[in-house]
Protein chains: 2
Amino acid sequence: MLTLPSNTPASEVDPRLAADARELQTVLSDLMRVVQFRDRDRICCHDVSVTQCYALGAVLRRGPLTLNELAAELYLDKSTASRVVKALAEKSYLERLPHPDDGRAVLLVITEAGRRLHGAIERDLQAEVETLVADFDPEVRRALASLLARLSRSAVAAARETCGCRVG
Amino acid sequence: MLTLPSNTPASEVDPRLAADARELQTVLSDLMRVVQFRDRDRICCHDVSVTQCYALGAVLRRGPLTLNELAAELYLDKSTASRVVKALAEKSYLERLPHPDDGRAVLLVITEAGRRLHGAIERDLQAEVETLVADFDPEVRRALASLLARLSRSAVAAARETCGCRVG
DNA sequence: GGAATATAGTTGTTCCTACCAACAGTTAGG
DNA sequence: CCTAACTGTTGGTAGGAACAACTATATTCC
C-alpha cells in the first residue's frame with residue numbers, strides 16, 4: 001500500500017485529488033443507494049435476506065468457515081453473524097458442524113439446497129448487471145471491472161487499518 | 001436507453017457479456033459491503049444514522065422537498081421517510097414548513113445546524129475517499145468517476161423501469 | 001495439575017429500518 | 001357538494017445490527 005507521509009496532506013501533492021474525491025464520493029453514494037435497493041428487491045424474492053445471501057456466498061467461496069471468520073468477512077458483529085447463520089441453518093441452507101480441533105468453534109458448511117439457492121440468486125443478479133452494462137463497449141466493461149476491483153481492494157485495506165470506533 | 005429486442009438474449013449478441021457481468025457483480029458486491037460498513041462507521045460517530053445523513057444530503061442538494069419526493073429519492077417507503085424526517089427535525093437538522101400551494105404537503109428545509117453537520121460528515125467521507133484513490137493516477141480517478149456515474153445512471157433507469165415486487 | 005485468562009458462540013436488549021395498513025386533513029373531479 | 005385521490009402521520013409487526021453479559025471450551029503460566 002503506497003501511502004503518503006502522514007504530515008503531508010495528499011491534496012497538497014495533488015491539487016485535483018480533493019475535487020476528484022468529492023465527485024467520487026457523491027457518485028459512489030448514489031450508486032450504493034440504488035444497488036442496495038436493487039439487491040433487496042432481487043434477493044428477498046427468494047427465501048433469504050441480503051445479508052443471509054452474502055453469508056451464503058462467503059461460505060460457498062471460502063469453503064468451511066468458523067463463525068468469527070464469517071463475521072470478519074462480512075464486517076458484522078459476531079452476534080449478528082450468529083443469528084444470520086442460525087436463520088440459514090433453520091432453512092437448511094447451512095450446516096453447523098463441530099470443529100475438529102476446537103470444541104468451542106463451529107464449522108459452517110453449505111448444503112446442496114444452499115448451493116442451489118445461491119446459484120439461482122447469483123444468476124438473477126448477474127442478469128440484472130447484464131442489462132446495466134449491455135450498452136457499454138466491451139473494453140469499457142473490462143475497464144470498469146478492473147477499476148472497481150482496485151477500488152474494492154483499496155477499501156478493504158483501509159478498513160483493516162482504521163478499524164474505526166466500533167467492530168472488533 | 002439502448003436496449004436489445006427482448007427476444008434476443010444479450011449474451012448471444014456479445015458472448016463476453018455474461019462473463020463480464022459475473023465479474024462485475026462479484027466486485028460490486030464486495031465493494032458495496034465494505035463501503036457500507038465504512039459509511040456506518042464514519043457517519044454514526046456523528047449524531048445521525050446513515051439513512052438520516054442521506055436524507056440530509058438529499059434535502060441539501062435538491063432544495064426544499066416534500067416528503068414523498070424525499071422518499072422517492074432515497075427509495076424509501078413514505079412511512080420510513082416520515083420517521084427519518086421526524087428524527088432529524090427533533091434534532092433540529094431539518095424543518096418541516098407548510099407547503100404554500102398544498103395544505104397537505106410539507107416542505108423540508110435544512111437548518112444551519114443541519115448544513116454544518118452534513119458538511120462535516122461529507123468532509124470525513126471525502127477524506128476517506130482521498131486515501132482510497134490517493135495512489136490512483138489522476139486520469140484513472142477521472143475515468144473511474146465517469147464510469148461510476150454512468151453505471152449509476154444506468155442503474156437508476158433500470159430501477160425506475162422494473163419497479164420490482166415492492167415500493168411504489 | 002490447576003487457577004487465571006482468553007477465546008468462540010449464544011442470548012438479551014435496544015435502536016433503526018421497513019413494510020403494511022389505517023387514519024386525518026386537503027385537494028380535485030364529476 | 002360529495003365522492004375519489006392524494007399527503008403525511010401513526011400503529012403494528014418483523015427483521016437487521018450493535019453492544020453487553022453469559023456459557024463453555026482452550027490456553028497460559030505457575
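Visitor: Before we look at the two chains, how are copies superposed here?
Guide: Happy to start there: this is a predicted model, and the fit takes in residues with pLDDT of at least 70 in both copies. The superposition is by least squares on the C-alpha atoms.

Visitor: Thanks! What turn lays chain B on chain A?
Guide: In general, two copies of a chain are related by a rotation about an axis and a shift along it. Here the shift along the axis is 0.0 Å and the RMSD is 0.2 Å. The turn that lays chain B on chain A is 179°. That is the relation of a two-fold axis.

Visitor: Which residue of chain B has the C-alpha nearest that axis?
Guide: The distance of this C-alpha from the axis is 3.3 Å. The residue in chain B is B:M32.

Visitor: Which element of chain B gives the most residues to the side that touches chain A?
Guide: The contact takes 59 residues from chain A and 58 residues from chain B. On the chain B side, α1 (10-13), α2, α6 (112-133) and α7 (138-162) each supply at least two residues. With 21 residues, the element that gives the most is α2(B).

Visitor: And how many residues on that side of chain B are nonpolar?
Guide: Taking the classes in turn, 14 residues are charged and 8 are polar. The nonpolar residues number 36.

Visitor: Why do the copies meet through the same surface?
Guide: The thing to check is which interface residues of chain B are also interface residues in chain A. The copies meet through the same surface because that share is 100%.

Visitor: How are α2(A) and α2(B) oriented to each other?
Guide: Helix α2 of chain A covers residues 16-44, and helix α2 of chain B covers residues 16-43. Their axes are 11 Å apart and the packing angle is about 110°. Angles of 65 to 115 degrees count as roughly perpendicular, so α2(A) and α2(B) are roughly perpendicular.

Visitor: Which residues of α2(B) make that contact?
Guide: The crossing of the two helices is left-handed. From α2(A) come A:L28, A:M32, A:V35 and A:Q36, and the residues of the contact divide into 6 nonpolar, 2 polar and no charged. The residues from α2(B) are B:L28, B:M32, B:V35 and B:Q36.

Visitor: Let's turn to a single chain. In what order do the elements of chain A run?
Guide: Chain A has 7 helices and 2 strands. Of its 168 residues, 34% are buried. From the N terminus on, the order is α-α-α-α-α-β-β-α-α.

Visitor: Within chain A, which residues of α6(A) meet α3(A)?
Guide: The axes of α3 (residues 50-62) and α6 (residues 112-133) come within 10 Å and cross at roughly 115°, and the crossing is left-handed. These helices of chain A are therefore roughly perpendicular to each other. α3(A) brings A:C53, A:L56, A:G57 and A:L60. The residues of α6(A) are A:G114, A:R115, A:L117, A:H118 and A:I121.

Visitor: How many residues of that contact are charged?
Guide: By class, the contact of α3(A) with α6(A) has 5 nonpolar and 3 polar residues. The charged count is 1.

Visitor: One last stop: is B:E139 buried or exposed?
Guide: B:E139 is found in helix α7 of chain B. Its C-alpha is separated by 45 Å from that of B:H99, 40 residues apart along the chain. A residue counts as exposed if 12 or fewer other C-beta atoms lie within 10 Å. B:E139 has 9, so B:E139 is exposed.

Methods: Residues are numbered from 1 along each chain as its sequence is written. Chains are lettered from A and ligands numbered from 1 in the order in which they are written. This is a predicted model: local features need pLDDT of at least 70, side-chain atom pairs count only at pLDDT 80 or more; totals for chains, interfaces and linings use all residues. Two residues are in contact if their C-beta atoms, placed from the backbone, lie within 7 Å. Axes are lines fitted to C-alpha atoms, for helices over the stretch in contact, and angles run from 0 to 180 degrees between N-to-C directions. Helices (H or I, at least four residues) and strands (E, at least two) are DSSP runs, numbered from the N terminus. Angles under 35 degrees count as roughly parallel, over 145 as roughly antiparallel, 65 to 115 as roughly perpendicular and the rest as oblique. A crossing is left-handed if the near helix is turned anticlockwise from the far one by less than a right angle, and right-handed if clockwise. Ala, Val, Leu, Ile, Met, Phe, Trp, Tyr, Cys and Pro count as nonpolar, Asp, Glu, Lys and Arg as charged, and the others, Gly among them, as polar. A residue is buried if 20 or more other C-beta atoms lie within 10 Å of its own, exposed if 12 or fewer, and partly exposed in between; C-beta atoms are placed from the backbone.
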